[in-house]
Amino acid sequence: MDFTAQQMRTRLRALLDARWRGVRETVIEGRRVSYATDSELSAAITDLEQRLARLEGRKRRRVIRAYGVKDI
């Protein structure tokens, strides 16, 4: 099911609001949605952010971390 950008923003706001309030259950467009853990809620938020960015044509942010090993 494809969502419009406005629908995604509405869902994202509801999920962020639930997370900031410290609850794992919210009502989105008349439907009650609950998550077992904060990790699941975080994953849903991340997924919506990525889908919204892709829909709006924004590029994905990449993080490059340097890693080094010193052999003795």
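# Exercises on a predicted model

The protein contains 2 helices and 2 strands. The model is predicted.

**Exercise 1.** In what order do the elements of the protein run from the N terminus on?

*Solution.* Start at the N terminus and read along the chain. The order is α-β-β-α. Helix α1 covers residues 5-21 and helix α2 covers residues 38-56. Strand β1 covers residues 25-28.

**Exercise 2.** Compare the radius of gyration of the protein with that of a compact globule of 72 residues: what are the two values?

*Solution.* Step one is the reference: a compact globule of 72 residues would have a radius of gyration near 11 Å. Step two is the model, where the value is 17 Å. Step three adds the extents: the C-alpha trace spans about 60 × 30 × 20 Å along its principal axes.

**Exercise 3.** Which residues make up the largest nonpolar core, and which elements give two or more residues to this core?

*Solution.* The core has 12 residues in all: A5, M8, L12, A14, L15, I28, Y35, L41, A44, I45, L48 and L52. The elements that give two or more residues to this core are α1 and α2. In soluble globular proteins, nonpolar side chains tend to be buried together. Over the whole protein, 21% of the 72 residues count as buried.

Now take one core member, L41. Setting aside neighbours within four places in sequence, L41 is in contact with L15, R19, V23 and Y35.

**Exercise 4.** Is T26 buried or exposed?

*Solution.* First, locate T26: this residue is in strand β1. Next, recall the cut-off: buried means under 20% relative accessible area. T26 counts as buried because its relative accessibility is 8%. Finally, list its contacts, leaving aside neighbours within four places in sequence: A14, L15, A18, R21, R31, R32 and V33.

**Exercise 5.** Classify Q50 by its relative accessible area: is Q50 buried, partly exposed or exposed?

*Solution.* Q50 lies in helix α2. Its relative accessible area is 41%. Buried means under 20% and exposed means over 50%, with partly exposed in between, so Q50 is partly exposed. For a distance, take R24, which is 26 residues from Q50 along the chain: their C-alpha atoms are separated by 21 Å.

**Exercise 6.** How many positive and negative side chains does the protein have, and how far apart do the centres of the two sets lie?

*Solution.* Count each set: there are 17 positive and 10 negative side chains. The centres of these sets lie 4 Å apart. As for the surface, the protein exposes about 6,400 Å², and carbon and sulfur atoms supply 48% of that area.

Definitions and conventions
Residues are numbered from 1 along each chain as its sequence is written. This is a predicted model: local features need pLDDT of at least 70, side-chain atom pairs count only at pLDDT 80 or more; totals for chains, interfaces and linings use all residues. Side-chain values use heavy atoms; hydrogens and water are left out. Helices (H or I, at least four residues) and strands (E, at least two) are DSSP runs, numbered from the N terminus. The radius of gyration is taken over C-alpha atoms; the globule rule is 2.2 Å times the number of residues to the power 0.38. Buried means under 20% relative accessible area, exposed over 50%, partly exposed in between (1.4 Å probe, protein chains only). Accessible areas come from the Shrake-Rupley method with a 1.4 Å probe; for residues, only the protein chains shown count as cover. Lys and Arg count as positive and Asp and Glu as negative; His and the chain ends are not counted. The place of a charge is taken as NZ of Lys, CZ of Arg, CG of Asp or CD of Glu. A nonpolar core is a set of buried Ala, Val, Leu, Ile, Met, Phe, Trp, Tyr and Cys residues joined through side-chain atoms within 4.5 Å. Contact means heavy atoms within 4.5 Å.
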